[in-house]
Amino acid sequence: MSTTTITSTTPAPAPTGVINAGRTTATAGRVLRQLRHDPRTIALMIVVPCVMLILLRYVFDASPRTFDNIGASLLGIFPLITMFLVTSIATLRERTSGTLERLLAMPLGKADLIAGYALAFGALAIVQSALATGLALWVLGLDVTGSAWLLLLVALLDALLGTALGLFVSAFAASEFQAVQFMPAVIFPQLLLCGLFTPRSDMHPVLTGISDVLPMSYAVDGMNQVLHHTDMTATFVRDVLIVAGCALLVLVLGAATLRRRTA
Amino acid sequence: MMNYVPDPPPQPATAALQAHDLTVVRGPRTVLHHLTFAVPRGQVTGLLGPSGCGKSTLMRSIVGTQAKVNGTLQVLGHPAGHPALRSRIGYVTQSPSVFDDLTVRQNLEYFAAILDPGRAAAERRHEHVTQAITDVDLTSHADALAGNLSGGQRNRVSLAVALLGAPELLVLDEPTVGLDPVLRRDLWNLFHDIAATRGATLLVSSHVMDEAERCHRLLLMREGEILADDSPDALRTRTGGDTVEAAFLHLVDEAAAAARPKESTR
């Protein structure tokens, strides 16, 4: 046994960092085609955030200022949560159905697969965010000082972050039940600490410290910057860069969980 | 341990698969024990043995998706799992690995785009997809969702994916399970046709012994070891049995008898 030559376990020189445009768009197209056969999911993804905003608007019927604050934050939080859920379940299904194993035995790069997913869900996130933002601004009278485009930009980055987190946690879920349970585990603490309920500086110092390293804090902060300022502030740029950086980092971590060889 | 196993005779350069001292560990269990064998090119080789004997693990090792593989395993002249092999091997897993929420044609179009990407190849891809659907006799179901098909039909969609891109090596894990006799016969004819006309190598696993008669060569497996590596005729002659099943049972008894005195050396 000790003299065994290890030939086949030598990691093959994988072509890293190269994204093949054809394979990436084919993957994105395939993911969207799968969703098209599931119109109920699309409807839920797009309609539920809008209904929540309408609900919120009339919950705070007497205090429009509160609606402005919470509404803007939620425009950033909805895409994150929806994309997190959809991606974690979709990639979990890919892992358990054997299609991932088959794809990784084919000449598909991990980056192609992840970029394909990000592209498909990103497109969906644009539709969702555009509808929710439009509804909030022009129908529900959300009072925003800055540009609606900036709101959309933050919403899109949040969606990407949700996709990245979903992809990552799907590696640790053995079933759909577990994947759904990751939502309270990963998203709820961020929701409580992101400054939606009370300013982060008012929290216990330990919690403030924790919220400083959670990406959703910056997503919500970015939305609030647009809410209160006409121009792009330095804080806004920082927030956007942090959310984008986190999304990229988690996507890379997610790529590392895709293994060509499994036990 | 190695001293008991004679070195294999030098294989001709035409061998599609060449394993030497191949061992695979899954969790606490050693699933494959020091396998040494070769599979010739351009033939249909059957991998037969009872459920749980390590057939699927061996196939996963060959296509490069199995972790913790020790020993030498050369596939089409490369170490197993080499990136150059990814477009040259067609692999069908035991349970169909296709997207249930896509139609048969959409499934194949996607996998075809992975093998042969780009807009310029669209026409060629369309041809390959149509050919693969015809090969597995699913033309009338091309626009049905894979999830709405029967188990046998989904198996055939999975097989069609493996046929895309005319691979040189087809690794098929129990492709005929749950199919009616007519379809089984048709698929075996297709396998032989692929070997004869395209010169492809096929490794087909089964736990149904009567399928063994349809193979050029057989690898008989039991409990992670290879009992025999021969043609069906030679096996029957050697063991004096009428069928491959009888030959298999004979070999199991023989191995059990031989294992008893050897047990202490392990």
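In strand β10(B), A228(B) is the bridge partner of L220(B), and this pair belongs to a ladder of 5 bridges that joins β9 (residues 217-222) and β10 (residues 225-230) of chain B in the antiparallel sense. Helices and strands here are DSSP runs numbered from the N terminus, helices being H or I of at least four residues and strands E of at least two, and two strands are said to pair if DSSP finds at least two bridges between them. The hairpin of β9(B) and β10(B) has 2 residues between the strands, and within this hairpin E223(B) takes a positive phi near 45°.

The model is a predicted one, in which local features need pLDDT of at least 70 and side-chain atom pairs count only at pLDDT 80 or more, while totals for chains, interfaces and linings use all residues. Residues are numbered from 1 along each chain as its sequence is written, with chains lettered from A and ligands numbered from 1 in the order in which they are written.

The hairpin is part of an open sheet of 6 strands in chain B, whose order is β6-β7-β8-β3-β9-β10 and whose pairing is mixed. Its edge strands, each pairing on one side only, are β6 (89-92) and β10 of chain B, and from one strand to the next the twist averages 15°. Helix α1(B) packs on this sheet, touching β3, β6, β7 (169-172), β8 (201-206) and β9 of chain B, and its direction makes about 150° with that of β7(B); such angles run from 0 to 180 degrees between N-to-C directions, the axes being lines fitted to C-alpha atoms, for helices over the stretch in contact. Helix α4(B) also packs on the sheet, where it touches β6 and β7 of chain B and its direction makes about 170° with that of β6(B).

Within this sheet, V44(B) lies in strand β3 (residues 44-48) of chain B. V44(B) counts as buried because 22 other C-beta atoms lie within 10 Å, the scale being that a residue is buried with 20 or more other C-beta atoms within 10 Å of its own, exposed with 12 or fewer, and partly exposed in between, with C-beta atoms placed from the backbone. Although V44(B) and H216(B) are 172 residues apart in sequence, their C-alpha atoms are 5.4 Å apart in space. Leaving aside residues up to four places away in sequence, V44(B) touches F191(B), H192(B), A195(B), L202(B), V204(B), C215(B) and H216(B), where contact requires that the C-beta atoms of two residues, placed from the backbone, lie within 7 Å.

Chain B also holds an open sheet of 4 strands, with the order β2-β1-β4-β5 and antiparallel pairing; its edge strands are β2 (29-40) and β5 (78-79), each of which pairs on one side only. Strands β1(B) and β4(B) run antiparallel and are joined by 6 bridges, and L17(B) has V75(B) as its bridge partner in β4(B). Helix α1(B) lies across β1, β2 and β4 of chain B, running at about 120° to β1(B).

Two residues other than glycine have positive phi values: H34(B), near 45°, and D137(B), near 60°. H34(B) is found in strand β2 of chain B and is buried, since 21 other C-beta atoms lie within 10 Å. D137(B), by contrast, is found in the loop between α3 (122-135) and α4 (151-163) of chain B and is partly exposed, since 16 other C-beta atoms lie within 10 Å.

We turn next to helix α2(B). Its 12 residues should span 16 Å at 1.5 Å a residue, and its end C-alpha atoms are 17 Å apart, which agrees; the expected span is 1.5 Å times one less than the number of residues. The helix is mostly covered, with 12 of its 12 residues buried, and these buried residues pack against α1 (21-36) and α4 (99-104) of chain A together with α3 and α4 of chain B.

L108(B), one of the buried residues of α2(B), is named with A160(B) and V171(B) as touching the most other members of the largest nonpolar core, which has 149 residues. Such a core is a set of buried Ala, Val, Leu, Ile, Met, Phe, Trp, Tyr and Cys residues joined through C-beta atoms within 7 Å. Helix α3 (residues 64-96) of chain A gives the most to this core, with 15 residues.

The contact between the chains takes 38 residues from chain B and 34 residues from chain A. On the side of chain B that touches chain A, β1 (15-26), α1 (55-63), β4 (69-75) and α2 (104-115) of chain B each supply at least two residues.
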